[in-house]
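Me: Could you take me through the surroundings of the bound ligands, step by step? I am new to this, so please explain the terms as you go.

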Amino acid sequence: MAAYVAGLQEKPFRAQQLLQWVHQRGITDIAQMSDLAKTFRRVLADHAGVITLPVIQDQKASDGTRKWLLDVGAGNAIEMVYIPEDDRGTLCISSQAGCAVNCRFCSTGHQGFARNLTSGEIISQLWFAEHHLRNDPTAVRRLDTEADAEHVNRVISNVVFMGMGEPFLNYDAVLTALRLMLDDHAYGLSRRRVTVSTSGVVPMIDRLAQDCPVALAVSLHAPNDALRNDLVPLNLKYPLKELIAACDRYLPFAPRDFITFEYCMLDGVNDQDGHAQELIQLLRGLKCKLNLIPFNPFPESGLKRSSPERVKRFAAILQDAQMVATVRKTRGDDIAAACGQLAGDVIDRTSRVKWVDKVDKQV
Ligand code: SAH
Ligand code: SF4
């Protein structure tokens with residue numbers, strides 16, 4: 001933004017003012033940006049515009065979870081989910097249209113990869129949800145005592161990259177969006193409350209540690225390479241030993257002193273007592289929390305959700321070994337807003353590409 005305004009012969013602080021108008025205040029009409037000189041506003045209006053993504057669908061679940069389907073052009077749509085809780089408002093956003101990693105249990109993966117989102121399309125999701133929900137009296141307000149007056153009415157306190165796509169296969173755009181999320185002139189979110197979730201793109205874990213360390217979640221789903229190769233094909237490229245070592249290297253930079261591991265519980269596949277024992281060995285000595293996710297089934301997967309008793313038993317084995325393991329609550333079930341269901345019928349299935357081609361090109 002600073003480079004952009006410099007190109008229009010304006011001082012760098014104009015960039016901050018513009019960020020505040022657009023991201024803090026949600027103003028799209030340049031004429032209303034009253035602390036900018038009228039001549040600059042006219043020049044800006046000739047050169048620029050605030051463009052947002054068209055909403056295709058807007059659904060609200062009985063538990064307050066909200067899901068939007070946004071149009072990103074050429075028959076592609078992305079999904080975004082807002083999850084209100086007592087003391088926080090979490091927005092789950094997408095980083096790509098589709099995903100090339102093709103995990104067996106993920107419906108986004110089954111649709112293949114369409115394209116990377118731009119940094120604008122990524123931040124646009126937060127922009128839309130924040131400013132839309134500010135006008136919704138039922139939305140939870142952000143409880144952040146350190147926030148300045150400009151931030152007090154904020155709704156979104158947490159952002160998670162757990163929608164469609166693998167954020168580390170769209171690194172540059174995700175990084176720009178992350179920096180805007182943290183910037184006090186934009187959203188001023190805490191690093192501890194912004195989480196990147198990855199299926200395990202090892203080199204990018206190291207880059208994030210240097211560029212913009214935020215909370216890290218790693219989608220594990222299996223305690224050994226043979227099983228993980230089958231469930232998360234990216235494991236063939238970055239096996240568990242390398243992945244766990246990268247997590248260990250990230251910890252000194254992490255804003256929270258642990259890594260979150262996500263583990264989707266699949267009936268008879270990765271949910272047996274022996275798998276829990278293997279996990280204990282694998283993660284020994286690493287500061288982490290395990291988040292057990294009840295699988296959200298979809299027909300093409302051929303997989304089933306583990307029974308609640310099995311999940312409980314699995315968690316108990318981990319807890320007996322002094323590991324922190326929690327079971328994720330499912331939210332928004334009645335509008336298919338739960339993890340892995342972030343797929344619309346509008347997605348163009350002809351754009352499906354096999355993960356091997358794409359992942360190799362992208363990493
Ligand atoms: N690509 C990234 C982030 C998006 S997926 C990643 O894989 O981490 C966000 C989370 O939802 C991941 O942990 C993923 O494994 C999980 N998930 C995907 N499909 C799911 C399903 N059908 N049921 C439950 N969780 C699922
Ligand atoms: Fe992609 Fe994540 Fe789904 Fe795997 S779980 S296919 S990495 S979105």
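Reply: Here is a walk around ligand 1, followed by a short visit to ligand 2. This is a predicted model, in which local features need pLDDT of at least 70 and side-chain atom pairs count only at pLDDT 80 or more, while totals for chains, interfaces and linings use all residues. Residues are numbered from 1 along each chain as its sequence is written, chains are lettered from A and ligands numbered from 1 in the order in which they are written, and side-chain values use heavy atoms, with hydrogens and water left out.

Let's start with the neighbours, meaning residues with a heavy atom within 4 Å of the molecule. Ligand 1 has 20 residues around it, and Phe105, Gly165, Ser197, Ser219 and His221 come nearest. Strands, which are DSSP runs of at least two residues numbered from the N terminus, take part too: E8 (194-198), E10 (259-265) and E11 (288-294) each give at least two residues to this shell.

Now for polar contacts, pairs of N or O atoms within 3.5 Å. A polar side-chain atom of Ser219 is 2.6 Å from an oxygen atom of ligand 1. Polar backbone atoms also take part: one of Phe105 lies 2.8 Å from a nitrogen atom of ligand 1, and one of Asn296 lies 2.9 Å from a nitrogen atom of ligand 1. On its own, ligand 1 has 530 Å² of accessible area (Shrake-Rupley method, 1.4 Å probe), and the protein covers 96% of that.

Finally, ligand 2 is surrounded by Cys99, Val101, Asn102, Cys103, Cys106, Gly109, Gly165 and Ser199. Gly165 is thus listed for ligand 2 and also among those nearest to ligand 1.

Note on methods. A polar contact is a pair of N or O atoms within 3.5 Å; within protein, one must be able to donate a hydrogen and the other to accept it, and residues adjacent in sequence count only if both atoms are side-chain atoms. Helices (H or I, at least four residues) and strands (E, at least two) are DSSP runs, numbered from the N terminus.
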